[in-house]
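Dear colleague,

Here is the structure I promised to pass on to you, with some notes on what I found in it. Please keep it open beside this message while you read.

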Amino acid sequence: MPVQARDEAPLNGAEGRTRFVALEVEGVDPAAPTPRWMARRLTLAGMRPISLIVDVTNYVMLDLGQPLHAYDAEKLVGPITVRRARKGEELTTLDDVERTLDPEDLLITDAGGAGDRVLGLAGVMGGEDTEVSGTTTSVVLEAATFDPVTVARTARRHRLPSEASKRFERGVDPRLPLIAAHRAAQLIVEHGGGTVSARVTDEGSVPAPAPISADLHDAERVVGIAYTDEQVTSSLEAIGRTVAREGEDGLLVTPPSWRPDLTIREDLVEEIARLVGYAEIPSVAADGAGRARPDGRPARPPRRPPRARRGGPGRGELRPVRRRLRARPAPLRDGRRAPRGRADPQPALRGRAAAAHRAAAEPPAHRAPQPRPRRGVGRDLPARLRVPRPRGTGRRPGARRRAASERPGARGDPRRAARADRGARRGRRRRLRPRLLAGRARAMGLDRCARPRPPRGRRRRRRA
């Protein structure tokens, strides 16, 4: 299947497609089931088994880290073109959502339909026009590498974070597409039959990693630990780097193709510290100037400036501000003007301060003691909540309330006196209950409640 690349508007000068591999498998049994071990591994990884062809592409992606996509070969009309979207184009993706495309989106298209049909969003998700179904016998496997920035923007613009887009955003090894395509074709033929076509499309190039110049003592200078030459070289070679010596202490490190994040010497220092162990880095206190102390003792507080040692305020401390008095007359505390040439030693007081000063200066006035209203009496209640006192029940001010047993009718009979006391207490509770309820209503803010009824058994007397 021929492949063409027409990226007329690359982002940041980087071409959207760097490598594109297409491999065809013919004569696949559409009813072949997915092996149980493969379906179980996909389920444990959080994926739902669908069919043999789709499950193989997902399994290889999880195994090697290279996203794959399968097209129904009978629905494709070559050649395949990788280009940017045009304004107004639409695509129905595999999740049955019709999406309006943006000119920055990178697309996979073919010559079907009206001559330029959109097959899918490059690196994100395919379309439903060439979807693999239950009658597919020939498939075209796509394994490609795309620009991480382009894929990330497309996935966020359409709110479509797929498993493929997450891997392309972080960078995929450009040497993997051909290996992953052959591995997927091998699994399909092994479990579903068919044959692998001898025609393989491999467009694009694999850029060589740029070497990094470093020094053997860079890690010691940055981290602060004396690493040996053996630790430095073995740590760099442990993850696939090629290390060559330049001079006495120089190194020329070539990062592997699967680590596009290694571009400067500080990245190499970080890898050395990680592989040797972060636990080897001691915790060292710093002095006042920010320098590390090798003995680990607590930092000494910084010295105060010389003026502070002489008794004056030091740096960062408050200093008193002296204000000169005005030459013109200022108002005195009592509101009068001072004679010219003489000023009040204290500025004039205003507002609450002046009122408090005048109150303190005046002699205390004699105030007659005010009678304090009794608690629970209707005098301290709102007018609508007051309960009128029945006539004839009041007593003289200062008179002590006599107990029921001391009244004339109850003297000499203990049983009658006890009964009278109980009745008096019961009646008093009945009389005070409306006032108690009114006080509670006032405390709760329910002053607009209805006026309480007078106690039962004691009706108001009409005036004659």
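Please bear in mind throughout that this is a predicted model. Let me begin with one strand and its neighbours, where four bridges join strand β4 (residues 80-84) to β7, the two strands running antiparallel. Within that pairing, Arg84 stands opposite Leu106 in β7. On β7 there is a second pairing as well, since strand β8 (residues 117-121) is also joined to β7 in the antiparallel sense, again over four bridges, and here Ile108 stands opposite Gly120 in β8.

How many residues of β7 are buried? Strand β7, which spans residues 106-110, is mostly covered, with five of its five residues buried. To follow this residue by residue, it helps to recall that in a regular strand the side chains alternate between the two faces of the sheet. In β7, Leu106, Ile108 and Asp110 lie on one side, while Leu107 and Thr109 lie on the other, and with all of these residues buried, both faces of the strand are covered.

Turning to the whole protein chain, you will find eleven helices and 14 strands. Of its 464 residues, 33% count as buried, and the chain exposes about 31200 Å², of which carbon and sulfur atoms supply 49%. Finally, if you look at contacts between residues at least 6 apart in sequence, 65% of them join residues at least 24 apart.

With best wishes

Notes
Residues are numbered from 1 along each chain as its sequence is written. This is a predicted model: local features need pLDDT of at least 70, side-chain atom pairs count only at pLDDT 80 or more; totals for chains, interfaces and linings use all residues. Side-chain values use heavy atoms; hydrogens and water are left out. Buried means under 20% relative accessible area, exposed over 50%, partly exposed in between (1.4 Å probe, protein chains only). Two strands pair if DSSP finds at least two bridges between them. Contact means heavy atoms within 4.5 Å. Accessible areas come from the Shrake-Rupley method with a 1.4 Å probe; for residues, only the protein chains shown count as cover.
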